[in-house]
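Me: I would like a close look at a single part of this structure, starting from one residue and working outwards to what surrounds it. Please explain each step with care, as I am in my first year.

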Amino acid sequence: MAGVFKGVPASEGLAAAHKRRALEQLAKSGKKKSKGGKGGEGGGVPPEYGLSVDLSRVAWPPVRLWIARRVKELLGGLDEDVLVGTIVNSLEGAAAAARGGGAGGAEAVTALDIHMQVEPFLEGGTTAFVRELWALLHS
């Protein structure tokens, strides 16, 4: 089976890059998209995405439990340990870099980063999940 490779087509990777760039531009400008968003959402970048979050001060055990419970709710009762692990590892990795005084904040994670990671799994529930998560992390 030489030449057979399963993965993400290059066009999907490019589409994701364009979508990320568009979301970043919306976040910087603070404007709303002209089209409606998925799942009947308002179509703009939620204000929670702009909240500053100090991940080094987060109490991780309750946050891990909340992420696992909320992902399970959004997926209709399906336990998705890989997705939960991806989210938690991204956030905790950024927290460790912040505690260690990482150079230039290259390891910083934003709400848009999490949004792009979970969107293929949560689809219409992505914005609600990230909005709630970021508000929780900010508190």
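Reply: A good place to start is Ser90, which, apart from neighbours within four places in sequence, is in contact with Val109, Ile114 and Gln117. Please keep in mind throughout that this is a predicted model. Ser90 is found in helix H3, and, since buried means a relative accessibility under 20%, its value of 18% is why Ser90 counts as buried. One of its contacts shows how the chain returns to this place: Ser90 and Gln117 are 27 residues apart in sequence, but their C-alpha atoms are 9.6 Å apart in space.

Beside Ser90 in the sequence is Leu91, and this residue has a longer list to study. Leaving out residues up to four places away in sequence, Leu91 touches Leu55, Trp60, Ile67, Val109, Ile114, Leu133, Trp134 and Leu137. Val109 and Ile114 are therefore named for both Ser90 and Leu91, which follows from reading the two contact lists together under the cut-off of heavy atoms within 4.5 Å.

Leu91 also leads to the nonpolar interior, where the largest nonpolar core has 27 residues, and Ile67, Ile87, Leu91, Phe129, Leu133 and Leu137 are the members that touch the most others. At least two residues of this core come from each of helix H2 (60-74), helix H3 (81-99), helix H4 (111-122) and helix H5 (126-138), while H3 provides the largest share, namely 7 residues. As a general background, nonpolar side chains in soluble globular proteins tend to be buried together.

From here we can follow Ile114 into H4, where the buried residues are Ala111, Leu112, Asp113, Ile114, His115, Met116, Val118, Glu119 and Leu122. It is worth noticing that Asp113, His115 and Glu119 are included in this list. Because 9 of its 12 residues are buried, H4 is largely enclosed by the rest of the structure.

Val118 makes a useful second example, since this residue lies in H4 and its relative accessibility of 0% is the reason why Val118 counts as buried. Outside its neighbours within four places in sequence, Val118 is in contact with Leu83, Ile87, Glu123, Thr126, Phe129 and Val130. The C-alpha atoms of Val118 and Val84 are separated by 9.4 Å, although their positions lie 34 residues apart along the chain when counted as a separation. Glu123, which is among the contacts of Val118, follows H4 and has a positive phi, near 45 degrees.

The next step is to see how H4 and H5 are placed. Their axes are 9 Å apart and they pack at an angle of about 140 degrees, so H4 and H5 are oblique to each other, and H4 passes H5 in a right-handed crossing. On the H4 side, the residues that meet H5 are Ala111, Ile114, His115, Val118, Glu119 and Leu122, and their partners in H5 are Thr126, Thr127, Phe129, Val130, Leu133 and Trp134. In reading such lists it helps to know that an α-helix has 3.6 residues a turn, so residues three or four places apart point the same way.

Returning to H3, we can also examine its packing with H2. These two helices pack at an angle of about 155 degrees with their axes 9 Å apart, so H2 and H3 are roughly antiparallel to each other, and H2 passes H3 in a right-handed crossing. In H2 the residues involved are Trp60, Arg64, Ile67, Ala68 and Val71, which meet Leu83, Val84, Ile87, Val88, Leu91, Glu92, Ala95 and Arg99 in H3.

H2 is also in contact with H5: the axes of H2 and H5 come within 11 Å and cross at roughly 165 degrees, which makes H2 roughly antiparallel to H5. Here Trp60, Val63, Trp66, Ile67, Arg70, Val71 and Leu74 of H2 make the contact with Phe129, Glu132, Leu133, Leu136 and Leu137 of H5.

Finally, this part can be set within the whole protein chain, which has 5 helices and 0 strands. Buried residues make up 30% of its 139 residues, and, among contacts with a separation of 6 or more, 66% join residues 24 or more positions apart. The contact between Ser90 and Gln117, where our path began, is one with a separation of 27 residues.

Conventions:
Residues are numbered from 1 along each chain as its sequence is written. This is a predicted model: local features need pLDDT of at least 70, side-chain atom pairs count only at pLDDT 80 or more; totals for chains, interfaces and linings use all residues. Side-chain values use heavy atoms; hydrogens and water are left out. A nonpolar core is a set of buried Ala, Val, Leu, Ile, Met, Phe, Trp, Tyr and Cys residues joined through side-chain atoms within 4.5 Å. Buried means under 20% relative accessible area, exposed over 50%, partly exposed in between (1.4 Å probe, protein chains only). Helices (H or I, at least four residues) and strands (E, at least two) are DSSP runs, numbered from the N terminus. Axes are lines fitted to C-alpha atoms, for helices over the stretch in contact, and angles run from 0 to 180 degrees between N-to-C directions. Angles under 35 degrees count as roughly parallel, over 145 as roughly antiparallel, 65 to 115 as roughly perpendicular and the rest as oblique. A crossing is left-handed if the near helix is turned anticlockwise from the far one by less than a right angle, and right-handed if clockwise.
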